[in-house]
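Here are a few short exercises to work through with the model open beside you. Try each task before you read its solution.

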Amino acid sequence: MNRLFYCNVEKTNLISDFIKKLDEYSEENSRPVYIIEKALVNDGKIDEYEYKEKIIVLIPKQKILVINLGIESGQFDDFTSDFIDDLEYSLKRFEY
């Protein structure tokens, strides 16, 4: 079991191979990899987003990867804007 790998997204056929590759990368390189669907904000409560067809990949010291799994670019753009706002809020709140 790879303790450096965390994934809380549903492993659909569309992304299961990608998730498996990230797990292997994490284990082979001893690097933490987190795959999430939403940001943790507002006093520890999970914030819900309307757009569901996305994943977020976090690897320390790497740029955040936000992947659109759907075809709706307008809603995805709205989601990314909301996600960035949530990140900014968290950074200020926790003084990062």
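Helices, of at least four residues, and strands, of at least two, are DSSP runs numbered from the N terminus. Please keep in mind that the model is predicted.

**Exercise 1. Which pattern does the protein chain follow along the sequence?**

Step 1: count the elements. The protein chain holds 2 helices and 6 strands.

Step 2: put them in order. Reading along the sequence gives β-α-β-β-β-β-β-α.

Step 3: add the burial. Of the 96 residues in the protein chain, 26% are buried.

**Exercise 2. Where is Ser30 placed, and is Ser30 buried or exposed?**

Step 1: find the neighbouring elements. Ser30 sits in the loop between α1 (16-29) and β2 (33-36).

Step 2: check the backbone. Ser30 is a residue other than glycine, yet its phi is positive, near 50 degrees.

Step 3: classify the accessibility. Exposed means over 50% relative accessible area. Ser30 counts as exposed because its relative accessibility is 56%.

**Exercise 3. Describe how β5 and β6 pair, and find the residue with a positive phi in their hairpin.**

Step 1: take the pairing. Strand β5 (residues 54-58) pairs with β6 in the antiparallel sense, over 4 bridges. Val57 has Leu65 in β6 as its bridge partner.

Step 2: look at the connection. The hairpin has 6 residues between the strands, and Lys61 takes a positive phi near 65 degrees there.

Step 3: place Lys61 on the accessibility scale. Lys61 lies in the loop between β5 and β6, and with a relative accessible area of 83% Lys61 is exposed.

**Exercise 4. Is Lys54 buried or exposed, and how far apart in space are Lys54 and Phe76?**

Step 1: locate the residue. Lys54 belongs to strand β5.

Step 2: apply the cut-off. Buried means under 20% relative accessible area. Lys54 has 3% relative accessibility, so Lys54 counts as buried.

Step 3: compare sequence and space. Lys54 and Phe76 are 22 residues apart in sequence, while their C-alpha atoms are 7.8 Å apart.

**Exercise 5. Which residues gather in the patch of negative charge on the surface?**

Step 1: list the members. The patch consists of Glu50, Glu72, Asp77, Asp78, Asp82, Asp85 and Glu88.

Step 2: take one member, Glu72, and place it. Glu72 is in the loop between β6 (65-68) and α2 (73-93).

Step 3: classify Glu72. Partly exposed lies between the 20% and 50% limits. Glu72 counts as partly exposed because its relative accessibility is 39%.

Terms used. Residues are numbered from 1 along each chain as its sequence is written. This is a predicted model: local features need pLDDT of at least 70, side-chain atom pairs count only at pLDDT 80 or more; totals for chains, interfaces and linings use all residues. Side-chain values use heavy atoms; hydrogens and water are left out. Patches are made of residues with over 30% relative accessible area and no salt bridge: like charges are joined within 9 Å, nonpolar side chains (Val, Leu, Ile, Met, Phe, Trp, Tyr) within 5 Å. Accessible areas come from the Shrake-Rupley method with a 1.4 Å probe; for residues, only the protein chains shown count as cover. A salt bridge is a side-chain nitrogen of Lys or Arg within 4 Å of a carboxyl oxygen of Asp or Glu. Lys and Arg count as positive and Asp and Glu as negative; His and the chain ends are not counted. The place of a charge is taken as NZ of Lys, CZ of Arg, CG of Asp or CD of Glu. Buried means under 20% relative accessible area, exposed over 50%, partly exposed in between (1.4 Å probe, protein chains only). Two strands pair if DSSP finds at least two bridges between them.
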